[in-house]
Amino acid sequence: MTTEKPADATIAETLLRLVETRGPDKSVCPSEVARALGGPHPDGWSPLMQPVRREAVRLMKEGRVAILRKGRVVPDPDDFRGVYRLTLPRRAASAEADAGTGDEEP
């Protein structure tokens with residue numbers, strides 16, 4: 001059984017959709033992105049973990065997502081190890097939360 005690997009653009013679109021759907025101050029596990037693309041069986045999603053990571057790093061460099069490690073944004077997306085999660089960048093989440101509050105400083 002041979003399945004084609006999704007294009008990087010498809011991975012990025014899926015990652016962004018999941019993060020945006022989850023919303024501010026919430027995070028997504030990279031395996032959720034891989035499962036959304038490769039299905040529930042490990043043979044389908046497991047090979048997608050590295051491509052998902054590459055797209056997450058690229059999107060963080062563009063300021064479109066944040067990569068969290070132990071609940072904190074990684075300082076260098078090119079140099080982190082271990083378990084990580086994906087979320088909206090803090091400034092985008094803050095801008096959404098602040099929009100329309102009427103709380104302007106004098």
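Helix axes here are lines fitted to C-alpha atoms, over the stretch in contact, and the angle between two of them is taken between their N-to-C directions. Keep that in mind as we walk through this predicted model.

Let's begin with two helices that pack together. Helix α1 covers residues 8-22 and helix α4 covers residues 49-61; their axes lie 9 Å apart, at an angle of about 70°. Angles of 65 to 115 degrees count as roughly perpendicular, so α1 is roughly perpendicular to α4. On the α1 side, the residues that meet α4 are Asp-8, Ile-11, Ala-12, Leu-15 and Leu-16. Their partners in α4 are Pro-51, Val-52, Glu-55, Ala-56, Arg-58 and Leu-59. Sorted by class, this contact holds eight nonpolar and three charged residues, with no polar ones.

From here we can step into the largest nonpolar core, which has 23 residues. The members that touch the most others are Leu-15, Val-33, Val-52, Ile-67 and Leu-86. Helices α1, α2 (30-38) and α4 each supply at least two residues of this core, and α1 gives the largest share, with six. Leu-15 is a good residue to click on: setting aside neighbours within four places in sequence, its contacts are Val-33, Val-52, Ala-56, Leu-59, Val-65 and Leu-86.

Our last stop is the aromatic rings, where the count comes to one pair. The ring centres of Phe-80 and Tyr-84 are 5.2 Å apart and their planes stand at 75°. Planes over 60 degrees apart count as edge-to-face, so that is the name for this pair. Phe-80 is buried, at 9% relative accessible area, and Tyr-84 is buried too, at 8%.

How values were computed
Residues numbered from 1 in each chain as written. Predicted model: local features only at pLDDT ≥ 70, side-chain atom pairs only at ≥ 80, totals over all residues. Heavy atoms only, no water. Axes fitted to C-alpha atoms, helices over the stretch in contact; angles between N-to-C directions. Helix = DSSP H or I, 4+ residues; strand = E, 2+ residues; numbered from the N terminus. Parallel < 35°, antiparallel > 145°, perpendicular 65-115°, else oblique. Contact = heavy atoms within 4.5 Å. Nonpolar A, V, L, I, M, F, W, Y, C, P; charged D, E, K, R; others polar. Core = buried A, V, L, I, M, F, W, Y, C linked by side-chain atoms within 4.5 Å. Buried < 20%, exposed > 50% of the residue type's maximum accessible area, 1.4 Å probe, protein only. Phe/Tyr/Trp six-rings, centres within 6.5 Å; stacked < 30°, edge-to-face > 60°.
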